[in-house]
Amino acid sequence: SWSPDGSQLAQVLSKDGNNEIYLRNADGTNLRRLTKNRDVDTSPAFSPDGTKLAFVSDRGGNPQIYTMDLSGYNVTRLSFQSGTISNPAWSPDGKRIAYVAEKRGEGLEIYVMNADGSGARRLTNSQGSNESPSWSPDSRHLVYFSTRNGQKSLYNFTLETSEERRVPRLEMSC
C-alpha cells in the first residue's frame, strides 16, 4: 500500500517467520518492522492523511481490522464480527473503512464502518462472492467485484441511497 504522498510503502513480509507489516521509503531504503507478534498481520492500508494504517490481524482469534500509527504503536481493534474479515479500504475523506466479511453460510459480503469502528453496516446481501472494495474519490460510492450472476462483474454501491447496480461491460473494438 502506498502512502498518500507516495513517499512510503507498507508491505507484508514473512522473512521473520510469519506475516508482519513493514514500512519502507519509496526508494526501498529504511525498512522498519511495525508489527511484532506470533499472529498473522496483513493487508495494510494507509489512512488518507498518511498518519495511520488499517490492517488485518488474527491476534484476537480470527481475522479482524485494527489500526496503528506509523511507529507500530497505538494498536486499536476496530471490528468485532464473527467470521473472517479482510481487505480494509479507507475512504478518501477518512471517515469510513470498507471491508469484506466472510461468514459461514453467507459467503463474502461488503461492509462499511466508521473509522473508529462504530456503525458497521452490511452493504451487499447476495449469492456469490463480493470482494475488493474500492472508494470513489468523493467517498460517496464503492465499487467491487461480485460473482452473484455466475461470472465476475463490477458493481457500484451508492452510500447515500443504498442503490446497487452492475457496471456494464465495456466492449473494445480495434
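## Structural report on a predicted all-strand model

Outside its neighbours within four places in sequence, Ser 153 makes contact with Tyr 144, Phe 145, Ser 146 and Arg 166. This serine belongs to strand 14, which covers residues 153-158. Its relative accessible area is 4%, so Ser 153 is classed as buried. The coordinates discussed here are those of a predicted model.

### The chain as a whole

The protein chain contains 15 strands and zero helices. Its radius of gyration is 17 Å, close to the 16 Å that the globule rule gives for 174 residues; the chain is therefore as compact as a globular protein of that length. Along the principal axes, the C-alpha atoms fill a box of roughly 45 × 40 × 30 Å.

Of the 174 residues, 40% count as buried. The chain exposes about 9,300 Å², and carbon and sulfur atoms supply 47% of that area. Among contacts with a separation of 6 or more, 24% are between residues 24 or more positions apart.

### The sheet of strands 8 to 11

Four strands form an open sheet in the order 8-9-10-11, with antiparallel pairing. Strand 8 and strand 11 (121-122) stand at the edges and have a single partner strand each, so one side of each is left without a neighbour in the sheet.

At one edge, strand 8 (residues 84-90) pairs with strand 9 (residues 96-103) in the antiparallel sense over five bridges. Within this pairing, Ala 89 stands opposite Ala 98 of strand 9. The two strands form a hairpin with five residues between them, and Gly 94 in the turn has a positive phi of about 80°.

At the other edge, strand 10 (residues 107-114) and strand 11 pair in the antiparallel sense over two bridges. Here Arg 121 of strand 11 is the bridge partner of Val 112.

### Nonpolar cores

In soluble globular proteins, nonpolar side chains tend to be buried together. The largest nonpolar core of this model has 13 residues, and those touching the most other members are Ile 110, Leu 123, Trp 135, Leu 142, Tyr 144, Phe 157 and Leu 159. Two or more residues of this core come from each of strand 9, strand 10, strand 13 and strand 14. Strand 10 gives the largest share, three residues.

Trp 135 illustrates the surroundings of one such core member. Leaving aside neighbours within four places in sequence, Trp 135 is in contact with Ala 89, Trp 90, Ser 91, Pro 92, Arg 96, Ile 97, Ala 98, Val 112, His 141, Leu 142 and Leu 159. Ala 89 and Ala 98, which stand opposite each other in the hairpin pairing, are thus both among the contacts of Trp 135. A second, separate core has eleven residues, including Ile 65, Leu 78, Trp 90 and Ile 97. Two of these, Trp 90 and Ile 97, also appear among the contacts of Trp 135.

### Salt bridges

The count of salt bridges comes to six. Three of the pairs are listed below.

| Pair | N to O distance |
|---|---|
| Glu 20 and Arg 33 | 3.2 Å |
| Asp 138 and Arg 140 | 3.6 Å |
| Arg 148 and Glu 164 | 3.1 Å |

The side chains of Glu 20 and Arg 33 meet in a salt bridge. Glu 20 lies in strand 2 (residues 20-25) and Arg 33 in strand 3 (residues 32-33), so this pair ties together parts that are 13 residues apart in sequence. Glu 20 has 0% relative accessibility and counts as buried, whereas Arg 33, at 27%, counts as partly exposed.

Asp 138 and Arg 140 form a salt bridge and belong, with Glu 160, to a network of salt bridges. Asp 138 is partly exposed at 41% relative accessibility. Arg 140 is likewise partly exposed, with a relative accessible area of 35%.

Arg 148 and Glu 164 also meet through their side chains in a salt bridge. Arg 148 lies in the loop between strand 13 (141-146) and strand 14, and Glu 164 lies in strand 15 (residues 163-166), so the pair ties together parts that are 16 residues apart in sequence. Glu 164 has a relative accessible area of 31% and is partly exposed.

Notes. Residues are numbered from 1 along each chain as its sequence is written. This is a predicted model: local features need pLDDT of at least 70, side-chain atom pairs count only at pLDDT 80 or more; totals for chains, interfaces and linings use all residues. Side-chain values use heavy atoms; hydrogens and water are left out. Buried means under 20% relative accessible area, exposed over 50%, partly exposed in between (1.4 Å probe, protein chains only). Contact means heavy atoms within 4.5 Å. A salt bridge is a side-chain nitrogen of Lys or Arg within 4 Å of a carboxyl oxygen of Asp or Glu. Two strands pair if DSSP finds at least two bridges between them. A nonpolar core is a set of buried Ala, Val, Leu, Ile, Met, Phe, Trp, Tyr and Cys residues joined through side-chain atoms within 4.5 Å. The radius of gyration is taken over C-alpha atoms; the globule rule is 2.2 Å times the number of residues to the power 0.38. Accessible areas come from the Shrake-Rupley method with a 1.4 Å probe; for residues, only the protein chains shown count as cover.
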